[in-house]
Each structure stands twice: as C-alpha cells, then as structure tokens.
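Reader: I have a structure open and would like to go through it with you. Shall we take it one question at a time?

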Protein chains: 2
Amino acid sequence: MARTKIVDLLKSKDFDKEINVKGWVRTRRGNKNVNFIALNDGSTINNIQVVVDLASFDDETLKPITTGACVSVTGNLVQSQGAGQTMEVQAKNIKVYGAADPETYPLQKKGHTLEFLREIAHLRPRTNTFGAIFRIRHHMAIAIHQFFHERGFFYFHTPIITGSDAEGAGQMFQVTTLDLKNVKKTDEGEVDYSEDFYGKHASLTVSGQLEGELAAMALGAIYTFGPTFRAENSNTPRHLSEFWMIEPEVAFNEIAENMQLAQDFIQYCVRWALENCEDDLKFLCDMYDKELIDRLKFVVENDFVRLSYTEGVKILEEAVAKGHKFEYRVGWGTDLQSEHERYLVEQHFKKPVILTDYPKEIKAFYMKQNDDGKTVRAMDVLFPKIGEIIGGSQREEDLEKLRTRAAEMGVPEKDIWWYLDTRRFGTAPHAGFGLGFERLLLFVTGMTNIRDVIPFPRTPKNAEF
Amino acid sequence: MARTKIVDLLKSKDFDKEINVKGWVRTRRGNKNVNFIALNDGSTINNIQVVVDLASFDDETLKPITTGACVSVTGNLVQSQGAGQTMEVQAKNIKVYGAADPETYPLQKKGHTLEFLREIAHLRPRTNTFGAIFRIRHHMAIAIHQFFHERGFFYFHTPIITGSDAEGAGQMFQVTTLDLKNVKKTDEGEVDYSEDFYGKHASLTVSGQLEGELAAMALGAIYTFGPTFRAENSNTPRHLSEFWMIEPEVAFNEIAENMQLAQDFIQYCVRWALENCEDDLKFLCDMYDKELIDRLKFVVENDFVRLSYTEGVKILEEAVAKGHKFEYRVGWGTDLQSEHERYLVEQHFKKPVILTDYPKEIKAFYMKQNDDGKTVRAMDVLFPKIGEIIGGSQREEDLEKLRTRAAEMGVPEKDIWWYLDTRRFGTAPHAGFGLGFERLLLFVTGMTNIRDVIPFPRTPKNAEF
C-alpha cells in the first residue's frame with residue numbers, strides 16, 4: 001500500500017479510508033487501554049496522531065515504539081475526537097523499522113539547548129526547530145532561483161577552486177595535492193608547485209563576482225548561487241568559514257536599478273517565506289522570537305530608505321552630538337560598524353536602509369568611481385537585527401580608471417588580465433551585488449547564531465561530519 | 001528610455017514604436033547607403049538586425065561599431081523587408097559603450113575551434129555555441145530544482161569542506177591554511193595540524209551522499225546540488241576535478257522506487273530542455289550533432305530497460321561468443337567498462353538501460369546487501385553516447401550488516417560513527433542516487449568534451465580565471 005506523506009494527509013478529507021503513513025515517533029503517551037503516538041515524517045512540522053488500541057497489539061510490537069523509533073502504520077484516517085487534532089489514524093497494523101534505545105538516543109522529549117544540538121548536527125534535523133529551519137532554507141533557495149529565472153537571469157556556476165585571488169574579499173584556504181609531510185622547494189626556497197594538481201598555488205573562492213561579470217557581459221543578466229570560503233579566524237555568531245552566496249550581475253544596470261533589484265529580490269524571498277512556510281515560521285515565532293513574523297511583514301510592505309554614506313554619517317554624528325554612545329568612532333572616511341548600521345535602521349529610520357556612495361578607500365578596486373574623486377558607487381543594504389545583508393556596486397567600466405585603481409590598491413595586472421578584457425572589448429555599464437544566504441536565513445528564521453541556519457557549520461577547529 | 005531585451009523584442013508586435021535595445025555587435029555589413037548590424041544581448045541566441053541609414057550618422061559614431069563592440073540603439077521597430085528576418089530596428093540614435101579593437105579582439109566573425117575557445121574561457125560565453133550551452137545549463141538547473149520542489153523534496157546543502165573521507169569515491173584535495181614553506185611536524189614526524197584552520201586534516205567533498213542520508217532520515221526526501229571534487233589525474237574528455245552533482249535521497253524508498261525516480265527525473269529534465277531551449281538546441285543540432293534533438297525525444301518517449309548486472313553480463317558474453325570484440329574482458333565480477341555499457345544501450349537494447357544488483361566487491365560499503373550474499377542493490381543508469389549517467393543504490397539500513405561491510409572494506413568506524421547513528425536510531429529503508437550535472441549536459445547539448453559544458457573547467461594543471 002502506497003505511503004501518504006503527513007503533509008498531504010493533514011490536508012486530506014478522505015476520512016474512514018485505509019491509509020499508510022511512515023515516520024519517526026516524536027512522543028508516545030496513553031493509558032492502559034489506548035496509546036497515542038505523535039508521528040512525524042519531516043514533510044511538515046506537524047505530527048499525525050496515531051491511536052493504538054492496546055487490546056489489538058501484543059507487547060512485543062509496541063515495546064520498541066519510543067521517541068525516535070521509525071514505524072510504518074496502516075489504519076483508518078478518522079476525524080479526531082481530541083482537542084487540537086483535526087484527524088488521527090486508528091492503527092490496524094504497525095511495523096517497526098528501527099528502534100531508538102531510550103538509554104542512548106540523544107533526542108528525548110525534553111528540550112535541548114541549541115549549543116547541545118550543534119554538537120549532534122547529524123541528528124538535529126530531526127528536531128522541530130531544525131526541521132523548520134531547513135525547510136525554510138529549502139524554500140528560500142527555491143525562491144531565489146524562481147525570482148531570477150522569472151526575470152530572465154541565467155544561473156551561472158563560477159569556479160570554486162581558483163588560481164586567482166584578486167577579489168581581495170578575505171583570507172583564503174589553499175587547495176593542494178602535495179604531500180605536506182614532504183613539501184619540495186625550488187632552488188630559491190619557494191614551494192615547488194610543479195607537482196601540485198594545478199601546477200600552481202590554488203585556493204577556494206571568496207566570491208564569484210569577477211567571473212560573474214564576465215558572464216553578464218555575454219549573457220546579459222546572470223546570478224551565482226554557490227559556496228564561498230573565508231579562512232578568517234572569527235569565532236562569532238555571524239561568521240562561517242564556508243557559506244553560500246548569491247551574486248547577481250546585470251549588464252546595463254546602474255546603481256539605481258541595482259538598488260531596486262536588491263529590494264525586489266529580498267522582498268520576493270521574504271514574501272515567499274510568509275506564503276509558503278507559515279507553520280514553520282509560526283513555530284519559530286512562538287518558540288524563539290515573538291516579533292519574527294511582524295518583522296518579515298514589515299520588510300515586505302515598506303520601501304527601503306535610500307541615502308548616501310555621507311548623509312548616513314551626518315545622522316550618526318548628530319546622534320553622537322545628542323549624547324548617543326557608540327563603541328566605535330563615527331566619522332566620514334571610516335567604515336561603518338554593525339552598531340552604526342543598526343542605529344540607522346532600528347532607531348533612526350525604523351526601516352531597511354540602502355547606503356550608497358562610500359569613500360573609495362574603504363571599498364574594492366572594481367567599484368565605479370564618482371565624479372567627486374572621493375566616492376564610489378557602492379551600496380550596502382542594512383537590515384534590522386542583521387546589519388549588512390547585501391553589499392554591491394555599480395562596476396567601473398572604464399578600462400583606464402579600473403587599471404589605475406587596481407594599481408593603487410595593489411592588485412597586480414597579471415592576476416586580472418582576463419577581468420580587464422571585459423573592459424577592453426565591448427565594455428558597458430553593469431552592476432551587481434552579493435547576498436550571504438545564511439544572513440538572509442538569520443533574518444527569515446529569527447535565529448541569532450549563523451551556525452544554526454546551515455546544516456553542517458564550518459568554523460575554526462570544526463569540520464565534523 | 002527603458003531597454004527591451006532582444007528575446008522579448010523578437011516576440012513583440014509593437015511595430016512602428018520607438019524602442020531601445022542594447023547589446024554586442026555580432027556583425028556589421030552593408031553598402032554605401034545603409035549598414036546592417038546584427039546585435040545580440042545574450043538573452044537569446046537570435047540577433048536583432050539594426051538598420052543604419054548612413055546619411056543620418058557621422059563616421060565618428062559608426063567607426064567603432066565592429067564585431068564585439070557594445071552599443072545602445074534607439075529607433076523604431078519595423079517589420080522587416082529582408083529575407084530571414086521578421087523585424088528590424090531602424091536606428092535613430094546610437095551610443096557606443098565600448099569598442100572592440102578588430103586587431104586584438106579574439107572573437108572575430110570567423111569560426112573558432114572549441115580547443116581555442118577553451119583557452120579564452122573568459123570570453124567564450126559571447127559566442128553562439130557557449131551562449132547556447134550556458135543558457136541550457138541554466139535551464140537544466142532550474143528543471144532540477146523544479147522537479148524536486150514539486151515532489152516535496154527539500155534542497156539540502158551538504159558540506160564542501162569535510163574532515164571525513166569515508167565515502168571512498170575518489171582521491172581528495174586537501175584544504176589547509178598551513179604555510180607550506182614551513183610545515184611543522186609532531187614528535188612522531190607527522191604533520192602537526194594543531195595550527196591548521198580546522199585543527200585536523202580537511203578535504204574537499206567527493207560526494208554529499210552520507211550527509212544527505214542523515215537529512216533524508218529526518219526530512220523524508222532531500223536532494224543536494226553542489227560542487228564535488230576529485231583529485232584524479234585524468235586528462236580525458238569525460239573528467240573534471242571540479243564538477244556539480246545532484247544527489248537525491250528518500251526515506252522509505254527501495255530499489256524499484258529509486259529506479260522510477262531516476263527515470264522520471266531525467267525524462268523531466270530532457271523534456272524541459274525540448275520545451276524551453278528550442279532555439280539553442282536547434283543551433284547545436286545544426287552545428288555539432290544532427291541527431292541531438294531526435295535522441296532527446298527518444299529518451300523522453302521510451303521507458304528505460306531494467307535488468308540485473310548478471311543478465312547484462314550474460315548478454316555481453318553472448319556478444320563476445322558471436323564475435324563482438326571488446327577492448328576489456330567481460331565476466332561476472334568485473335566492473336563494466338564504458339564500451340560494455342554502450343554496447344548494451346546502443347547496440348543491444350537501443351534504449352537507456354538501468355542495471356541493478358552488482359557484485360558487492362565492486363560497489364561501496366553502504367549498499368544494501370541482497371539475500372544471495374553476493375550482490376548489492378546498486379543501480380546504474382546507462383545512456384547512449386554517455387555510458388553511466390546516474391549511479392545509485394538502496395542503502396543498507398541494518399546496523400550490523402553495515403558495520404561488517406564497512407570493516408571488510410577498510411572503512412574505520414571512528415570515521416563514520418555519525419553515519420552509523422542513522423541505523424542505530426530509528427533506521428528505515430532508504431535509497432538515492434547521484435547524477436553528474438555535466439554528464440547530463442553532455443547528453444542534452446550533444447557536446448563531446450566535458451570542458452565545454454562548464455564555464456571554467458578545472459583539470460590537471462589548469463585552474464585559470
């Protein structure tokens with residue numbers, strides 16, 4: 001008999017028909033005559049209640065049915081008499097696929113801390129919390145592909161292993177097949193890469209942007225969605241050494257279109273979550289963050305404020321003058337800290353904010369230079385609770401300006417000759433941005449530690465599973 | 001004035017209205033009075049023809065308009081008088097964003113070999129061939145997400161960097177932040193990993209399957225779609241050191257459901273290509289492989305043949321007996337070579353074939369053992385021209401059988417304790433498979449070298465761009 005998923009069963013009106021349901025036992029309770037099994041199969045956060053008439057089953061069958069056990073139940077779907085249930089399954093036949101010894105199974109009924117669950121990342125998807133988070137993670141990935149696909153963007157796979165490290169976005173991991181016990185040196189005392197797999201120093205990508213620009217200058221509008229890596233020794237709730245990034249890049253877009261794309265994009269994703277992840281969001285809202293759903297709705301319903309870095313700094317300086325204390329100094333020319341970004345978003349505007357036109361010294365070499373000679377067409381999207389969720393820019397399309405800026409910032413031309421070729425041959429205005437997928441998930445799930453929104457977090461000294 | 005993409009323009013019926021179009025010049029030809037520019041913006045393989053009345057433009061404007069230049073054209077969309085065109089744009093205003101010096105721009109009108117284009121992978125998306133291939137690549141990725149999303153599978157990100165190498169699918173790249181010029185050793189002469197980023201030996205994943213199984217035993221049905229890596233020194237048209245893989249895994253599925261899922265999945269993707277990539281497929285069919293579209297239709301319209309490895313070997317042995325020459329020996333117990341697989345598919349059955357129940361010695365430790373004690377519930381999907389396109393299996397859900405097989409095959413239990421936990425706690429039958437994304441693309445595009453279906457191929461001694 002074909003199995004029905006619980007998500008479908010709970011929508012069914014096929015009462016008094018025989019069905020089969022399979023899943024893992026969340027709880028079992030009851031009395032001498034009847035037992036109730038709450039069964040979950042991961043298709044939804046909601047359980048189906050299985051009613052077991054003890055007179056119809058022998059003890060041997062029922063004994064292994066404890067929290068975490070896997071069972072197949074055949075029986076009639078009936079309208080429920082109990083409060084809080086709309087339907088239940090009256091068990092006729094139960095097959096136990098696998099027991100879960102209550103003495104050793106780590107996920108008993110009682111609540112667990114998120115810290116403890118991180119240590120058993122291989123089992124935590126079985127909890128309500130992580131079931132909800134990973135279903136939302138799925139939905140956000142689908143929303144992202146759907147958003148870009150509907151708008152004629154092409155999904156483009158930029159390389160993970162790269163011989164180039166020109167982007168300068170962060171420290172890189174080295175990729176090698178050399179035997180580290182016995183690294184050969186050249187006569188000059190340098191590492192001899194001639195026998196390494198790629199014949200040279202190779203690293204894990206920190207961003208697909210530069211390669212994405214190549215593609216945008218051919219296919220018109222592209223986006224990447226892949227893993228990126230930072231070897232920074234940052235043990236914070238906001239940093240991972242392996243995370244997923246989305247980077248759209250659009251030929252002929254300038255900064256204004258880039259801002260609108262960023263707003264449309266995030267609003268689309270958040271709206272998707274509200275429309276498709278209602279039960280999971282409600283659970284997270286109830287358990288972790290009472291304002292979560294209101295915050296999501298607020299972002300969908302309000303335009304993002306747009307202002308220049310210069311205007312933003314002025315607001316912050318006025319706040320300081322009025323007695324607001326920041327840990328870090330505010331002043332034109334210095335990068336904004338998270339506390340500054342959150343002040344603008346949470347206290348001043350009470351809306352998401354897009355800051356533009358940052359001082360060129362604090363931004364990357366490839367950003368389009370403004371006529372003032374001081375600022376570049378960067379944009380950062382700042383969100384409540386998160387701070388920077390998106391960073392992007394219009395790109396410098398002028399070959400000579402780009403070369404000059406690369407030289408000033410110490411990027412060797414021999415590393416970016418291929419990137420410069422896009423400006424050498426048929427250059428055009430273009431713009432794009434990067435969204436850290438896990439930053440988006442922090443916002444959408446209300447979680448506060450980035451280790452809790454990726455299945456297997458990689459952080460300093462931690463690459464378990 | 002808002003730009004219209006060429007893909008939309010070519011569907012438009014808004015004749016005699018002013019429009020703006022932007023793109024790259026493919027060709028410019030004409031006579032003393034009128035010029036014709038074929039303009040492409042990457043949104044489609046088709047160009048729009050721009051008609052330039054030379055009397056209305058000065059030479060300085062027109063001079064840089066050569067192959068590869070980027071221009072913005074405003075003008076009226078009119079029904080075309082010329083043969084082969086349905087519409088054209090009569091230019092009123094032309095702005096040149098970027099020239100492309102005919103002396104140095106590598107992509108002139110004349111055809112280029114695929115080998116040459118591989119050397120300029122940063123520019124090749126601008127050609128018809130690679131525009132078509134990468135648009136199809138996009139569509140296949142969207143089809144994959146759509147297929148699984150519609151069926152209630154959750155997209156699950158398994159780790160890229162891993163401290164585990166139990167899967168045994170191939171040689172691995174090492175990931176490190178140690179200074180290779182000065183690798184510290186322990187007192188025992190081993191590499192001292194205490195100062196490495198993860199505090200131990202870490203590698204790039206060869207497969208997300210084991211972690212995917214963890215997720216399937218919680219969320220019910222999941223799929224991965226991410227990069228995987230093999231450090232094998234294989235310089236062949238079928239191997240990449242970095243490639244993308246899709247790995248679905250389903251709780252409660254057995255081998256029969258797994259085979260059906262694989263067939264439904266590939267047919268869905270190929271049907272999507274036929275329905276959504278018509279112009280690009282037609283181009284590849286005309287230019288590279290006249291039978292391409294027929295082959296795609298054939299796969300969509302025919303059930304895949306299903307038979308056991310044992311039956312397959314018998315057919316091959318009969319072929320040998322009748323005088324068919326294979327390079328490699330055929331015999332029960334040895335792995336099938338590509339020539340054997342293609343004989344079954346192309347000459348014997350003339351249909352895609354799913355082979356099952358392989359000798360356990362030539363398959364991985366985690367495959368479900370059959371009662372015969374000799375075979376396991378593996379399945380390989382074999383395709384015309386490609387050979388193996390999918391490999392999968394029902395998994396061994398019995399803890400003790402799995403432990404025994406792991407020990408026999410030399411997989412240390414300390415490396416897979418977390419994997420064994422899925423069998424220790426609430427185990428269940430489950431099955432899954434892996435599809436190499438680029439293998440699918442070889443089939444769908446008709447290309448014969450795997451370096452031509454991924455934007456930036458990584459192969460031995462090659463990690464450029």
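Reader: Which residues are buried in H13(B)?
Author: Happy to start there, with the note that this is a predicted model. H13(B) is mostly covered, with 9 of its 9 residues buried. The buried residues are Phe437(B), Glu438(B), Arg439(B), Leu440(B), Leu441(B), Leu442(B), Phe443(B), Val444(B) and Thr445(B).

Reader: And which residue follows H13(B), with a positive phi?
Author: Look just past the end of H13(B), where a residue has a phi near 80°. That residue is Gly446(B).

Reader: Are H8(B) and H13(B) oblique or parallel to each other?
Author: The axes of H8(B), residues 292–301, and H13(B), residues 437–445, come within 8 Å and cross at roughly 120°. An angle between 65 and 115 degrees would count as roughly perpendicular, and one over 145 as roughly antiparallel. The crossing fits neither class, and therefore H8(B) and H13(B) are oblique.

Reader: Which residues make that contact of H8(B) and H13(B)?
Author: By class, the residues of this contact divide into 5 nonpolar, 1 polar and 1 charged. H13(B) brings Phe443(B), Val444(B) and Thr445(B). From H8(B) come Leu292(B), Arg295(B), Leu296(B) and Val299(B).

Reader: How do H9(A) and H10(A) lie, roughly perpendicular or roughly parallel to each other?
Author: H9(A) spans residues 309–321 and H10(A) spans residues 338–349, and their axes are 11 Å apart. They pack at an angle of about 80°. Since 65 to 115 degrees is the range for that class, H9(A) and H10(A) are therefore roughly perpendicular.

Reader: How many nonpolar residues has the contact of H9(A) with H10(A)?
Author: On the H9(A) side are Gly312(A), Ile315(A), Leu316(A) and Ala319(A). H10(A) adds His340(A), Tyr343(A), Leu344(A), His348(A) and Phe349(A). The contact has no charged residues and 3 polar ones, and its nonpolar residues number 6.

Reader: Which residues have the most contacts inside the largest nonpolar core?
Author: In soluble globular proteins, nonpolar side chains tend to be buried together. Here the largest nonpolar core has 251 residues. Met140(A), for one, touches Cys269(A), Trp272(A), Ala273(A), Phe437(A), Leu440(A), Leu441(A) and Val444(A), leaving aside residues up to four places away in sequence. Those with the most contacts inside the core are Met140(A), Phe265(A), Met140(B) and Phe265(B).

Reader: Is Phe148(B) buried or exposed?
Author: Phe148(B) sits in helix H4 of chain B, residues 128–150. Buried means under 20% relative accessible area. Because its relative accessibility is 0%, Phe148(B) is buried.

Reader: What separates the C-alpha atoms of Phe148(B) and Phe265(B)?
Author: Beyond residues up to four places away in sequence, Phe148(B) touches Phe153(B), Tyr223(B), Ile246(B), Pro248(B) and Phe265(B). Phe148(B) and Phe265(B) are 117 residues apart along the chain, yet their C-alpha atoms are separated by 8.5 Å.

Reader: What is the relation of chain A to chain B?
Author: A turn of 180° with a shift of 0.0 Å along the axis lays chain A on chain B, with an RMSD of 0.0 Å. In chain A, Val175(A) has the C-alpha nearest the axis, 2.5 Å from it. The same surface serves both copies, as 100% of the contact residues of chain A recur in chain B. The turn and shift are therefore the relation of a two-fold axis.

Reader: Lastly, how many helices and strands has chain A?
Author: Of the 465 residues in chain A, 61% are buried. The C-alpha atoms fill a box of roughly 85 × 60 × 45 Å along the principal axes. The secondary structure of chain A comes to 13 helices and 16 strands.

How values were computed: Residues numbered from 1 in each chain as written. Chains lettered and ligands numbered in written order. Predicted model: local features only at pLDDT ≥ 70, side-chain atom pairs only at ≥ 80, totals over all residues. Heavy atoms only, no water. Axes fitted to C-alpha atoms, helices over the stretch in contact; angles between N-to-C directions. Helix = DSSP H or I, 4+ residues; strand = E, 2+ residues; numbered from the N terminus. Parallel < 35°, antiparallel > 145°, perpendicular 65-115°, else oblique. Contact = heavy atoms within 4.5 Å. Nonpolar A, V, L, I, M, F, W, Y, C, P; charged D, E, K, R; others polar. Core = buried A, V, L, I, M, F, W, Y, C linked by side-chain atoms within 4.5 Å. Buried < 20%, exposed > 50% of the residue type's maximum accessible area, 1.4 Å probe, protein only. Least-squares fit on C-alpha atoms with pLDDT ≥ 70 in both.
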